[in-house]
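User: I'd like to go through this model and hear the reasoning behind the labels. Can you put it up first?

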Amino acid sequence: MSQSGPSLQVLVVDDSPVYRELVSQALQGQDYSVTFAKNGREALELFAQTAPHIVITDWMMPDVSGLDLVQRIRGSELAYTYVILLTSISDKAMVVKGLAAGADDYLTKPFDPGEFCARIGVGRRIICLQRDIEAKNLLLQEAARTDSLTGLPNRRAIEEWAERQIRGASRHGYPLWVILADLDSFKSVNDNYGHDAGDLVLQKFAEVLRGTTRASDICGRMGGEEFVMVLTHVDQNGIFPTVDRLREQFASLVFRFGGNSASVTASFGIAGFQGREIAEFSQLLRRADEALYAAKRGGRNRVEVAVLQP
Ligand SMILES: [Mg+2]
């Protein structure tokens, strides 16, 4: 983020009205949104409410000291806060204590307004770097859970999600289904029309899956030409027609590769559970896989359902 980004929240804590005024004057005309606290208690309240980026705190206050405040801030779960101790204590041993407690910087009173602003500018740089890193971390975390070709969640993301859903299903007693899908004779698509054609088929299948997945369900790519869906709130009579519609929808697509028209089909294996006993996702997957193999053996372009586990 640059200087032109949204203004940073600054919390100024000082029991002296004179110093609050001096700080206010020093910050005037700068791109900060400033709030003031008269004591440590008020500071803690405002800190929790406004989650400031930068805190400038006096050391000596009648209730919570600046040092305590720093420690409390460092103990909080909020994003990193840059803390500057403002103090009349110039004893080096005390300064060391303040920095060791978690302060990022200190200034002794009386301060020079120019130096004061420069020090806050350092805080601004640190906070902006911190934000950039957090934003990139989020992107990385998302990328680590996404299949790059189809944009669907990958195996790792599905496993995490499914474990949570399974616990919910057993707590509330609703049925949960694991559906494994595998494109039929997919190797021949790659062999006959090339890998770009294969990729297009995978993307199209992902699109069909996504189109039939409700917000409470998840679909993803396990790897290769294998996909998985986890559906809840569909009863035993409803699951076969739901998946069979999906099978039909995909099989009816016509792909044009070069001058050729082609269609591709998929086989599906379903396993589910309903009850209070928590099922293992890996076990459901294994049973769905057995059903999938039965669908393949039965001639492909089919849906097979394993018996519902009690
Ligand atoms: Mg004071």
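User: What is the strand order in the open sheet, and is the pairing parallel or antiparallel?

Analyst: Keep in mind that this is a predicted model. The open sheet has five strands in the order 2-1-3-4-5, and the pairing is parallel. Strand 2 (32-37) and strand 5 (105-108) have a single partner strand each, so one side of each has no neighbour in the sheet. On average, neighbouring strands are turned by 20° against each other, direction ignored.

User: How do you know that strand 1 and strand 2 pair?

Analyst: Pairing takes at least two bridges. Strand 1 (residues 8-13) and strand 2 are joined by six bridges and run parallel. For example, Q9 has S33 as its bridge partner in strand 2.

User: What makes D15, D58 and M60 donors of the magnesium ion?

Analyst: Distance. The cut-off for this metal is 2.8 Å, and the OD atoms of D15 and D58 and the O of M60 lie 2.0 to 2.2 Å from the ion. They qualify as donors, then. Along the chain their spacing reads D-x42-D-x1-M. D15 is in the loop between strand 1 and helix 1 (17-27), M60 in the loop between strand 3 and helix 3, so this pair ties together parts 45 residues apart in sequence.

User: Why is M60 called exposed and D15 partly exposed?

Analyst: Exposed means over 50% relative accessible area, buried means under 20%, and partly exposed is in between. M60 has 54%, so exposed fits. D15 comes in at 32%, so it gets the middle label.

User: Why is the Y193 and F257 pair called tilted?

Analyst: Ring centres within 6.5 Å make a pair, and tilted is what's left between stacked, under 30 degrees, and edge-to-face, over 60. Here the centres are 4.8 Å apart with 40° between the planes, so the pair counts as tilted. Y193 sits in helix 7 (residues 186-193) and F257 in strand 9 (residues 255-257), 64 residues apart. F257 is buried at 6% relative accessible area, while Y193 is partly exposed at 30%.

User: What about F205 and F227: why is that pair tilted too?

Analyst: The planes are 55° apart and the centres 4.9 Å, so the angle falls in the tilted range. F205 and F227 are both buried. Both of them belong to one aromatic cluster, along with Y193, F250, F255, F257 and F268.

User: How do you know that K109 sits over the ring of Y19?

Analyst: The charged end of K109 is 4.2 Å from the ring centre of Y19, and the distance limit is 6 Å.

How values were computed. Residues are numbered from 1 along each chain as its sequence is written. This is a predicted model: local features need pLDDT of at least 70, side-chain atom pairs count only at pLDDT 80 or more; totals for chains, interfaces and linings use all residues. Side-chain values use heavy atoms; hydrogens and water are left out. Helices (H or I, at least four residues) and strands (E, at least two) are DSSP runs, numbered from the N terminus. Axes are lines fitted to C-alpha atoms, for helices over the stretch in contact, and angles run from 0 to 180 degrees between N-to-C directions. Donors are N, O and S atoms within 2.8 Å of the metal (3.2 Å for Na, K and Ca); water is not among the atoms, so sites may look incomplete. Buried means under 20% relative accessible area, exposed over 50%, partly exposed in between (1.4 Å probe, protein chains only). Rings of Phe, Tyr and Trp (its six-membered ring) pair if their centres lie within 6.5 Å; planes under 30 degrees apart count as stacked, over 60 as edge-to-face and the rest as tilted. A charge sits over a ring if NZ of Lys or CZ of Arg is within 6 Å of the ring centre and within 35 degrees of the ring normal.
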